[in-house]
Amino acid sequence: MKTLLKPAAALGLAAFVAAVGQSKAEAADLTLCWAAWDPANALVELSKDFEKQSGITMKFEFVPWPNFADRMLNEMNSGGKLCDLLIGDSQWIGGAAENGNYVKLNDFFDKEGIKMSDFAPATVYAYSTWPKGTPNYWALPAMGDANGWFYRKDWFARPELQAEFKAKYNRDLSVPKTWDELKQVAEFFQGRDIDGKKVYGAAIFTERASEGITMGATSALYSFGFKYETEPGSYRMEGAVNSDDAVKGLEFYKSLYKCCTPPGYTDSYMGEGLDAFKSGQVAMMMNWFAFMPGMYKDEKVGGEHVGFFVNPAQKVAASTLGGQGISVVANTDNMDGALAYIKWFAQPDVQKKWWSLGGYSCLNAVLNDPSFKDSQPFAGQFLEAMAGVQDFWQEPAYASLLQAMQKRLHDYVVADQGTAKEALDKLIVDWTETFKEEGKINN
């Protein structure tokens, strides 16, 4: 396995910490901040190796997803010192870089022989660079993720359901390859009785307050051909955000919500979807790859009961990007220790163990290993998804941009206000106003 470290850098973490001014005995604690979810628990376990090697005690601040962005961005913007290391969302990278919240890591990467070419290109672009696509790095790719799908493999395999579905649609009941096929499957299961219980077609994202409905709807929008700009970096949105393809994608997402979700599913995101799937309410669930290891281990619906598939294509193959990079918070009082952690985390052996514990490595040496696809029942789908990921705006004003999209999508999809074209037209007006305030668009 290809090493990331120059021979001179292979002295061990304790030696590195001492070399930059901290002996093992004097090494201060480090606090790493992230969201509270399954991968965070895996990182706690992984970090025990860092503690043993460095003598640094790791502390963790994990915040539930609905409150994660507000808590962490407020912490950084107020000059707080809670976090030494932060695994922050991809959308934050622009604001964190321009506001001086993150340490630029180029010189450190060069010194330690950490090469961004050793990580999956999509993750480097999304999690590390600002301005986008430039060799200016503010994070190390840490947690690859995309929006995917879970399904009741045991239900799909039932002979009587297979026969009924084949008679109705003239194809096998199997993993959907397009959104049209997904809707057929969802309609087939909607309101059906299985084992004496009424079930529903699909759990999708409809949450209004944070990012849920945007992350869900874009999974359809991207596949139908939605773009944020007519040309990258132009901020010209007319004809892209509200294109015919974008309108069709949004109309489709609403039709799926209307036909095939559980009753009262008006404000649902990750947790609600997991609950619906684990309780046997739905045949399919939209959710992040990050939850697949935990679901596969679930005693009731895991193992042979559950299957996984990549986000369906329509006009194009695309998936909504999740995941995060790990950054050093500029306000840390333990810069040396934080950099030591980044160096340790980048090592191939650490990245391999990270994957085995339930994290999602972005290192090519892990992802391109011939054994990777067979290492987990969702590993192949993860590679497929990451090859076609698309992300929300990563502009410093992303929060305002996101709030506008949340409102327009929820008003149309859930609240039944207006048409899809009207919702997207209004979104362009919202976004144009924000970009004018940011000086990105001339009046």
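A residue is called buried when its relative accessible area is under 20%. The legends below describe a predicted model.

**Figure 1. Overall architecture of the protein chain in the predicted model.** The secondary structure of the chain consists of 19 helices and 13 strands. The radius of gyration is 22 Å, close to the 22 Å that the globule rule gives for 443 residues, so the chain is as compact as a globular protein of that length. Taken along the principal axes, the box filled by the C-alpha atoms is roughly 70 × 55 × 35 Å. Of the 443 residues, 57% are buried. When contacts between residues at least 6 apart in sequence are considered, 74% of them join residues at least 24 apart.

**Figure 2. Close-up of the disulfide between C259 and C260.** The sulfur atoms of C259 and C260 are 2.0 Å apart. The link of C259 and C260 is left-handed, with -100° about the S-S bond. C260 has a relative accessibility of 0% and therefore counts as buried. C259, by contrast, has a relative accessible area of 24% and is partly exposed, because this class lies between the 20% limit for buried residues and the 50% limit for exposed ones.

**Figure 3. Close-up of the disulfide joining C33 to C83.** The S to S distance in this pair is 2.0 Å. C33 belongs to strand β1 (residues 30–35), whereas C83 is found in the loop between α3 (65–77) and β3 (85–89). The pair thus links distant parts of the chain, with the two positions 50 residues apart. About the S-S bond the angle is -95°, and the link of C33 and C83 is left-handed. C33 is buried, its relative accessible area being 0%. C83 also counts as buried, at 4% relative accessibility.

**Figure 4. Cysteine pairing in the protein chain and the surroundings of C362.** Counting sulfur pairs within 2.5 Å, the total is two disulfides. With the bonded cysteines numbered in sequence order, the pairing reads 1-2, 3-4. C362 takes part in no disulfide. The nearest cysteine sulfur to that of C362 belongs to C33 and is 20 Å away, so the pair does not meet the limit of 2.5 Å. C362 is buried, with a relative accessible area of 1%.

**Figure 5. Close-up of the packing of helix α11 against helix α19.** Helix α11 spans residues 244–260 and helix α19 spans residues 420–437. The two helices pack at an angle of about 120°, and their axes are 9 Å apart. The crossing of α11 and α19 is right-handed. On the side of α11 the contact is made by A246, V247, L250 and E251; on the side of α19 it is made by A420, K421, A423 and L424. These contact residues comprise six nonpolar, no polar and two charged.

**Figure 6. Close-up of helix α14 and its buried residues.** Helix α14 covers residues 335–345. Nine of its eleven residues are buried, so α14 is largely enclosed by the rest of the structure. The buried residues of α14 are G337, A338, L339, A340, Y341, I342, K343, W344 and F345.

**Figure 7. Close-up of D89 in strand β3.** D89 is buried, with a relative accessible area of 10%. Not counting residues up to four places away in sequence, D89 touches W65, E211, G323 and Q324. The C-alpha atom of D89 is separated by 9.5 Å from that of Q394, although these residues are 305 residues apart along the chain.

**Figure 8. Close-up of A69 in helix α3.** The relative accessible area of A69 is 24%, and the residue is partly exposed. With residues up to four places away in sequence left out, A69 touches N74, W92 and Y398. A69 and T206 are 137 residues apart along the chain, and their C-alpha atoms are separated by 18 Å.

Conventions: Residues numbered from 1 in each chain as written. Predicted model: local features only at pLDDT ≥ 70, side-chain atom pairs only at ≥ 80, totals over all residues. Heavy atoms only, no water. Axes fitted to C-alpha atoms, helices over the stretch in contact; angles between N-to-C directions. Helix = DSSP H or I, 4+ residues; strand = E, 2+ residues; numbered from the N terminus. Left-handed = near helix turned anticlockwise from the far one by under 90°. Contact = heavy atoms within 4.5 Å. Nonpolar A, V, L, I, M, F, W, Y, C, P; charged D, E, K, R; others polar. Buried < 20%, exposed > 50% of the residue type's maximum accessible area, 1.4 Å probe, protein only. Rg over C-alpha atoms; globule rule 2.2 N^0.38 Å.
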